[in-house]
Amino acid sequence: MGDEAQKRNTDCVYFLASPLTCKKGTDCEYRHSEAARVNPRDCWFWISGNCLNANCSFRHPVGSLIACRITTLHF
Ligand SMILES: [Zn+2]
Ligand SMILES: [Zn+2]
């Protein structure tokens with residue numbers, strides 16, 4: 001998965017705060033998912049490295065992939 005695809009699957013922090021906060025709308029490079037916005041749970045697949053479901057209704061927080069990679073390096 002490239003960085004661009006990864007970005008598109010990462011939740012927009014502005015959108016999560018409120019759908020009206022992100023002015024980019026559909027042009028935003030981050031994910032705008034209403035289902036994920038109202039769901040407080042983080043996506044297990046995302047946290048563990050990758051989630052291929054573009055319509056995933058769980059949260060895809062920023063930075064979790066990086067944190068995961070750092071953790072992986074220690075093993
Ligand atoms: Zn956005
Ligand atoms: Zn997911």
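**Figure 1. Confidence and overall make-up of the predicted chain.** The mean pLDDT of this predicted model is 85, with 83% of the residues in the chain at 70 or more. Confidence varies among the elements: helix H3 (residues 34-37) has the highest mean pLDDT, 96, whereas helix H5 (residues 64-73) has the lowest, 52. Where pLDDT is low, the predicted coordinates should not be read in detail. The secondary structure consists of 5 helices and 0 strands, and the order of elements from the N terminus is α-α-α-α-α. Of the 75 residues in the chain, 17% are buried. Contacts between residues at least 6 apart in sequence include a share of 23% that join residues at least 24 apart.

**Figure 2. The two annotated C3H1-type spans.** The unreviewed UniProt entry carries the annotation "zinc finger region: C3H1-type" for residues 6-35 and 37-63. The annotation "domain: C3H1-type", likewise from an unreviewed UniProt entry, covers residues 6-35 and 37-63. In the model, residues 6-35 are 33% helix and 0% strand, and the C-alpha atoms at the ends of this span lie 19 Å apart. Residues 37-63 are 19% helix and 0% strand, with a distance of 17 Å between the end C-alpha atoms.

**Figure 3. Surroundings of Glu 4 in helix H1.** Glu 4 belongs to helix H1, which comprises residues 3-8. Glu 4 is classed as exposed because 9 other C-beta atoms lie within 10 Å, and the cut-off for an exposed residue is 12 or fewer. The view also includes Glu 29, which is separated from Glu 4 by 25 residues in sequence. In space, the C-alpha atoms of Glu 4 and Glu 29 are 8.0 Å apart.

**Figure 4. Surroundings of Ser 18 in the loop between helices H2 and H3.** Ser 18 is placed in the loop that runs between helix H2 (13-17) and H3. With 9 other C-beta atoms within 10 Å, Ser 18 is exposed. The view also takes in Glu 34, which lies 16 residues from Ser 18 along the chain. A distance of 9.8 Å separates the C-alpha atoms of Ser 18 and Glu 34.

**Figure 5. Helices H3 and H5 viewed for confidence.** Helix H3 spans residues 34-37 and helix H5 spans residues 64-73. The mean pLDDT is 96 for helix H3, the highest among the elements of the chain, and 52 for helix H5, the lowest.

Terms used. Residues numbered from 1 in each chain as written. Chains lettered and ligands numbered in written order. Predicted model: local features only at pLDDT ≥ 70, side-chain atom pairs only at ≥ 80, totals over all residues. UniProt positions renumbered as here; feature names shortened; annotations may be inferred. Helix = DSSP H or I, 4+ residues; strand = E, 2+ residues; numbered from the N terminus. Buried ≥ 20, exposed ≤ 12 C-beta atoms within 10 Å, placed from the backbone. Contact = placed C-beta atoms within 7 Å. pLDDT = per-residue confidence, 0-100.
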